[in-house]
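Colleague: Could you walk me through the rings, cores and pockets of this protein? I would like to follow the reasoning as we go.

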Amino acid sequence: MKLFQSEMHCHTMEVSPCSRIPARYIVRDYAELGYRYLFITDHYHPNVLESFELGEKPWEQRIQHFMKGYRAAAKEAQGTGLSVLMAMEVVLGRDSGSGIGSDFLVYGFDEEFLLEYPYLYRYSYADFYSLIKEKGYLAFQAHPYRYGLEPVRPICYDGIEIVNTHPRHESRNKLAVNYALDNGLYMIGGSDTHSEEDIGRGGIMLPEGIESPMDIVDFYREKGSPELIVTFGA
């Protein structure tokens with residue numbers, strides 16, 4: 001079975017305030033590197049969805065804003081051989097502890113889900129995962145050891161990001177690998193792209209036929225954790 005390079009963690013300037021690269025350049029560079037799949041995981045965060053720009057606009061308009069990066073990337077990718085799929089990085093638990101919160105990469109959902117369940121970042125860890133599990137999606141804690149944090153306990157997610165290759169953060173990936181193995185969790189990896197120098201440092205290898213957000217969920221459930229791409233990262 002032939003496998004293809006797949007980026008699982010990527011932020012666009014159109015949506016994520018911390019990103020410095022527009023969707024069109026992200027698509028160009030990943031296509032040139034030979035990636036087959038690109039999951040846009042813009043920040044589902046109050047700084048995005050409750051920003052001054054959005055003011056008191058209805059939730060539907062907030063979600064239309066949230067999807068700008070994904071839609072721009074999907075449009076740019078037409079005819080390139082690169083498939084762009086929708087995902088997100090949700091922050092939870094910002095009101096406890098350090099206030100930093102923990103981030104979760106979520107795969108499998110669609111626009112209808114985003115519209116039906118607003119303000120996911122206000123959910124507790126348990127309520128959030130209960131909803132994700134009920135819908136049949138997958139949630140991975142992103143860079144669980146960054147900022148001196150640890151994986152959320154009790155475990156309320158399907159897996160963790162064991163290789164985050166963001167070059168400007170210390171993600172302590174080795175600790176994440178050990179935690180995933182000790183707890184029988186799914187593993188995922190990504191470049192955590194925010195700038196041009198981040199592109200193509202990480203990801204996973206996936207087969208042909210990943211055409212919808214739920215296809216990645218089905219892959220994990222049928223095959224388990226995939227081969228990861230590791231080019232850089234601490």
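Modeller: Gladly! Rings of Phe, Tyr and Trp count as a pair if their centres lie within 6.5 Å, and planes over 60 degrees apart make the pair edge-to-face. Please keep in mind that this is a predicted model.

Colleague: How many aromatic pairs does the structure hold?

Modeller: Take Tyr30 and Tyr35 as one of them: their centres are 4.8 Å apart and their planes meet at 80°, which is edge-to-face. With that cut-off, the number of aromatic pairs in the structure is 17.

Colleague: Are Tyr30 and Tyr35 buried or exposed?

Modeller: Buried means under 20% relative accessible area. Tyr30 has 0% relative accessibility, so Tyr30 falls under that limit. Tyr35 has 3%, and therefore Tyr35 also counts as buried.

Colleague: Which elements does the pair of Phe140 and Tyr220 link?

Modeller: These two rings are edge-to-face, 5.3 Å centre to centre with 65° between the planes. The pair joins distant parts of the chain, as its residues are 80 apart: Phe140 lies in strand β7 and Tyr220 in helix α8.

Colleague: Which residues form a cluster through ring pairs?

Modeller: Two of its members are buried: Phe140 has a relative accessible area of 1%, and Tyr220 has 1% relative accessibility. The full cluster is Phe39, Tyr107, Phe140, Tyr186, Phe219 and Tyr220.

Colleague: Where does the charged end of Arg36 sit?

Modeller: There is a comparable case at Arg122, whose charged end sits over the ring of Tyr119, 3.9 Å from the ring centre. For Arg36, the distance to the ring centre is 3.8 Å, and the ring is that of Phe4.

Colleague: Which residues have the most contacts inside the largest nonpolar core?

Modeller: That core has 39 residues. Elements giving two or more residues to this core include β5 (88–92), α5 (111–116) and α6 (125–135). Leaving aside neighbours within four places in sequence, Phe113 touches Met88, Leu120, Leu131, Ile132, Lys135 and Tyr137. The residues with the most contacts inside the core are Tyr44, Met88, Phe113, Leu114, Leu120 and Phe128.

Colleague: How many residues does the other core have?

Modeller: This core lies apart from the largest one, and Leu105, Ile216, Val217 and Tyr220 are among its members. Its residue count is 18.

Colleague: Which residues are the closest to the centre of the largest pocket?

Modeller: The pocket has a volume of about 330 Å³. Both α2 and β5 supply at least two residues of its lining. Of the 20 lining residues, the closest to the centre are Cys18, His43, Asp103, Tyr147 and His194.

Key. Residues are numbered from 1 along each chain as its sequence is written. This is a predicted model: local features need pLDDT of at least 70, side-chain atom pairs count only at pLDDT 80 or more; totals for chains, interfaces and linings use all residues. Side-chain values use heavy atoms; hydrogens and water are left out. Rings of Phe, Tyr and Trp (its six-membered ring) pair if their centres lie within 6.5 Å; planes under 30 degrees apart count as stacked, over 60 as edge-to-face and the rest as tilted. Buried means under 20% relative accessible area, exposed over 50%, partly exposed in between (1.4 Å probe, protein chains only). Helices (H or I, at least four residues) and strands (E, at least two) are DSSP runs, numbered from the N terminus. A charge sits over a ring if NZ of Lys or CZ of Arg is within 6 Å of the ring centre and within 35 degrees of the ring normal. A nonpolar core is a set of buried Ala, Val, Leu, Ile, Met, Phe, Trp, Tyr and Cys residues joined through side-chain atoms within 4.5 Å. Contact means heavy atoms within 4.5 Å. On a 1 Å grid over the protein atoms alone, a cavity is a set of points where a 1.4 Å probe fits but cannot get out, and a pocket is an open set with protein on both sides within 12 Å along at least five of seven lines; lining residues have an atom within 4 Å of a point. Grid points are joined across faces, edges and corners, and a volume is the space filled by probe spheres set on the points.
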